[in-house]
Amino acid sequence: VRASEASRAVVAGCGGSGVGKSEVASVVSYLLGTVGVGCYTLSGDNYPRRIPSQNDAERLRIFREAGVRGLPAEDAYDAERAVVLRRLQAAEVDADPAAAVEHPWLAAYQRAGREGLRGYLGSPAEIDFEHLSDIVARFKAGAPALHLRRMGRGPADLWYELVDLTGVDVLVVEWTHGNSEHLVGVDVPVLLHSTPEATLEHRRARARDRAPDSPFTTMVLEVEQELLERRAAAARIIMTPDGERLSHERYAELLAGGGRG
């Protein structure tokens, strides 16, 4: 028997980029469909405040601005180092830990830049959580149709599509930040356990990004992984991409032991 509109539910599949969120969402939708539960999958990737190219630029700007501010704060800035830093930035290696081995003062820049990213990635400054939370609320209130946002990678690639939700009982949100405290209305957050290394391999295979293995992208993935780990206790289900279910205790043991998967 199909669930009533009043009992509509929202499931969120979250995890690192490339961990298999889309695949899991498809499996969940298929399995629920076999028992008469209608599903619709929504991608949270359509709800950042900036298109991907602009958001990538904003992430880099925040990292570099915070990094430069961090140098004088640690008494590590002078005119000669400023010249070297501009050269490293032009070569896009200013986030590379190896560069800090050659230039030890760069570690202060990288620490401060990473801290700047921690304040931006997955925050309401980066993502329009209010908009997405409103969509979730209207779905659970029984809306028969909703205008859902679509976003490509170019400046003009932004539009809305009216989606018929007749017969839909479960909204499946597949998204890195589906377990965020800023997203209101999720009933079952599901965390897919991943590592930055595994995520990077997926991104290389997809070749979706211009520089998927750049030092800066690696840093972004690491910070996003920190966010996922920090919110893991709020997940109702934690599982590996191959379907093994983990208790939160086992998940924490994997992290503490360095065996992040």
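How many bridges join β1 to strand β6, and in which sense do the two run? There are 4 bridges between β1 and β6 (residues 188-192), and the strands run parallel. Keep in mind while you look around that this is a predicted model.

## The sheet

Let's stay with β1 for a moment. This strand covers residues 9-14, and 5 of its 6 residues are buried, so β1 is mostly covered. On the β6 side, Ala12 of β1 has Pro189 as its bridge partner. β1 also pairs with strand β5 (residues 170-174), again in the parallel sense, this time over 5 bridges. There, Ala9 is matched with Val170 of β5.

Strands of a sheet pair through backbone hydrogen bonds, and the pairing can be parallel or antiparallel. Here the whole arrangement is an open sheet of 6 strands with mixed pairing, in the order β2-β5-β1-β6-β7-β8. Because β2 (39-43) and β8 (245-246) each have a single partner strand, they stand at the edges, and one side of each is left without a neighbour in the sheet. The partner of β2 is β5: the two run parallel and are joined by 5 bridges. If you want a residue pair to click on, Tyr40 stands opposite Leu171 in β5.

## Two helix contacts that share α5

Two packed helices are described by the angle between their axes and the distance between those axes. The table gives both values for the two contacts of α5.

| Helix pair | Crossing angle | Axis distance |
|---|---|---|
| α2 (residues 52-73) and α5 (residues 106-118) | about 135 degrees | 7 Å |
| α5 and α8 (residues 215-230) | roughly 55 degrees | within 10 Å |

With its axis at about 135 degrees to that of α5, α2 is oblique to α5. The crossing of α2 past α5 is right-handed. On the α2 side, the contact is made by Arg59, Ile62, Phe63, Arg64, Ala66, Gly67, Val68, Gly70 and Leu71. These meet Ala108, Tyr109, Gln110, Ala112, Gly113, Arg114, Gly116 and Leu117 of α5. Sorted by class, the residues of this contact are 9 nonpolar, 5 polar and 3 charged.

Turning to the other partner, the axes of α5 and α8 cross at roughly 55 degrees, which makes α5 oblique to α8. This crossing, too, is right-handed. From α5 come Gln110, Arg114, Leu117 and Arg118, and from α8 come Phe216, Met219, Val220, Glu222, Val223 and Glu226. The contact of α5 with α8 comprises 5 nonpolar, 1 polar and 4 charged residues. Gln110, Arg114 and Leu117 of α5 are listed in the contact with α2 and also in the contact with α8.

## Two loop residues with positive phi

Most residues other than glycine have a negative phi. Which way does phi go at Asp75, positive or negative? Its phi is positive, near 55 degrees, in a residue other than glycine. Asp75 sits in the loop between α2 and α3 (79-90). With over 50% as the cut-off for exposed, Asp75 counts as exposed because its relative accessibility is 71%.

Glu92 is another residue to check: its phi is about 60 degrees, positive although it is not a glycine. This one is found in the loop between α3 and α4 (97-102). At 38% relative accessibility, Glu92 counts as partly exposed.

Conventions
Residues are numbered from 1 along each chain as its sequence is written. This is a predicted model: local features need pLDDT of at least 70, side-chain atom pairs count only at pLDDT 80 or more; totals for chains, interfaces and linings use all residues. Side-chain values use heavy atoms; hydrogens and water are left out. Axes are lines fitted to C-alpha atoms, for helices over the stretch in contact, and angles run from 0 to 180 degrees between N-to-C directions. Angles under 35 degrees count as roughly parallel, over 145 as roughly antiparallel, 65 to 115 as roughly perpendicular and the rest as oblique. A crossing is left-handed if the near helix is turned anticlockwise from the far one by less than a right angle, and right-handed if clockwise. Contact means heavy atoms within 4.5 Å. Ala, Val, Leu, Ile, Met, Phe, Trp, Tyr, Cys and Pro count as nonpolar, Asp, Glu, Lys and Arg as charged, and the others, Gly among them, as polar. Buried means under 20% relative accessible area, exposed over 50%, partly exposed in between (1.4 Å probe, protein chains only). Two strands pair if DSSP finds at least two bridges between them.
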